[in-house]
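User: Hi! I'm new to reading structures, and I'd like a close look at a single part of this one.

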Amino acid sequence: MSGSWPPEDFPDLNESNHNKTSEATVECNCLSWAADDVSRRWEPDPMHDYYWPPDVPREMKMEAFIQAYRTIGYEVCDTPEPQAGFEKIALYADADNTPTHAAKQLPNGHWSSKLGDFEDIEHATLACLEGPLYGKSKIYMKRRSRPNLFTFPV
Amino acid sequence: MLIRAEIASLTSQLYPFDLQQNSSATLREWNVPPQSVIQSAFPPSTGGPSQPIVVSAKPLEHEMDVRPQFDELCKKWKSERHATSFSSAMAMHPAYQRIIGMGNKALPLILTELQKELDHWFWALKAISGEDPVPSECRGKMAEMANAWLNWGRARGYVR
């Protein structure tokens, strides 16, 4: 295990299926990480301390999470398989379908996750993080890939 | 700053009726900042003070004693944290709830902790104080949220 998170949170995570990609921070969380908004934390918290997209219900419900990601162009899709021209995210939920986590797909088909206030990692599959804390990946969303502004044709 | 008003001699002026028996009354329960002007509810004609009274406050010894308890709860809360992204889950930890239960005594300790390390203290600060000094545009921006609360705490003498 390469990170500082409690190992019991992710029983299926092992040295061969993930890499730590940056150090722990509280400045963003998995929801904002998946949304590529690392400047702030996203959370529909009842105290209204954290950012949540305007006009989206502040509820720990999957429909609210789907609406939140719709505000940045994502739509629900059928599978987590990589699809040319699209970027994808996955939403995890527990047995009661309460959202627990969000991951974003990398161009190589792997996934990137911020593990709470701990490190962020690249993991080979969505199943790597399934378990007692995050439950299972249940909803997949996609949007058209944004052009890379730093790549110029030669 | 945890406060005790040095009001033993003033208590009878402020509270000429039943409360005057309580010469060690603290103002903490009423969330009175360390330097406060107290306006008595009782007009001079009923035995109240003729002028508002400036209260000079300082920590009580037993209030300073909450530091070890706070430190223990804080350590427990941090060490038993799971990889959740949700502050609402973190705030439900029994140690965090006990810190909230400490009330105003915990405010200077929480703010000092927040000065040392960014963390999810906003729920507790808001729950205890009933206030929210964070501008809406700073929601989710941890450093800016912390600064807003620290400025709030400095204005009330809770933290330097």
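Leaving aside its neighbours within four places in sequence, which residues is A:Ala34 in contact with? Please walk me through the surroundings too.

Analyst: Happy to! Keep in mind that this is a predicted model. Beyond its neighbours within four places in sequence, A:Ala34 is in contact with four residues: A:Ile89, A:Ala102, A:Ala103 and A:Lys104.

Now let's widen the view. A:Ala34 belongs to the largest nonpolar core, a set of 36 residues. Those with the most contacts inside this core include A:Ala34 itself, along with A:Ile89, A:Ala102 and A:Ala103. A:Tyr69, A:Ala90 and A:Leu91 are also on that list. Several elements of chain A give two or more residues to the core: helix 1 (30-34), helix 2 (62-70), strand 3 (86-93), strand 4 (99-105) and strand 7 (136-144). Strand 3 of chain A provides the largest share, five residues.

There is also a second, separate core of 24 residues, and B:Met90, B:Ile99, B:Leu107 and B:Met142 are among them. B:Leu107 leads us to a helix pair, since it is one of the residues of helix 6 of chain B that meet helix 8 of chain B. On the helix 8 side, the partners include B:Trp149 and B:Leu150. The residues of this contact are six nonpolar, two polar and no charged. The two helices pack at an angle of about 140°, with their axes 10 Å apart, and they are therefore oblique to each other. Their crossing is left-handed.

Finally, how do the chains meet? In chain A, 25 residues are in contact with 18 residues of chain B. The chain A side of that contact has 13 nonpolar, four polar and eight charged residues.

Key: Residues are numbered from 1 along each chain as its sequence is written. Chains are lettered from A and ligands numbered from 1 in the order in which they are written. This is a predicted model: local features need pLDDT of at least 70, side-chain atom pairs count only at pLDDT 80 or more; totals for chains, interfaces and linings use all residues. Two residues are in contact if their C-beta atoms, placed from the backbone, lie within 7 Å. Ala, Val, Leu, Ile, Met, Phe, Trp, Tyr, Cys and Pro count as nonpolar, Asp, Glu, Lys and Arg as charged, and the others, Gly among them, as polar. A nonpolar core is a set of buried Ala, Val, Leu, Ile, Met, Phe, Trp, Tyr and Cys residues joined through C-beta atoms within 7 Å. A residue is buried if 20 or more other C-beta atoms lie within 10 Å of its own, exposed if 12 or fewer, and partly exposed in between; C-beta atoms are placed from the backbone. Helices (H or I, at least four residues) and strands (E, at least two) are DSSP runs, numbered from the N terminus. Axes are lines fitted to C-alpha atoms, for helices over the stretch in contact, and angles run from 0 to 180 degrees between N-to-C directions. Angles under 35 degrees count as roughly parallel, over 145 as roughly antiparallel, 65 to 115 as roughly perpendicular and the rest as oblique. A crossing is left-handed if the near helix is turned anticlockwise from the far one by less than a right angle, and right-handed if clockwise.
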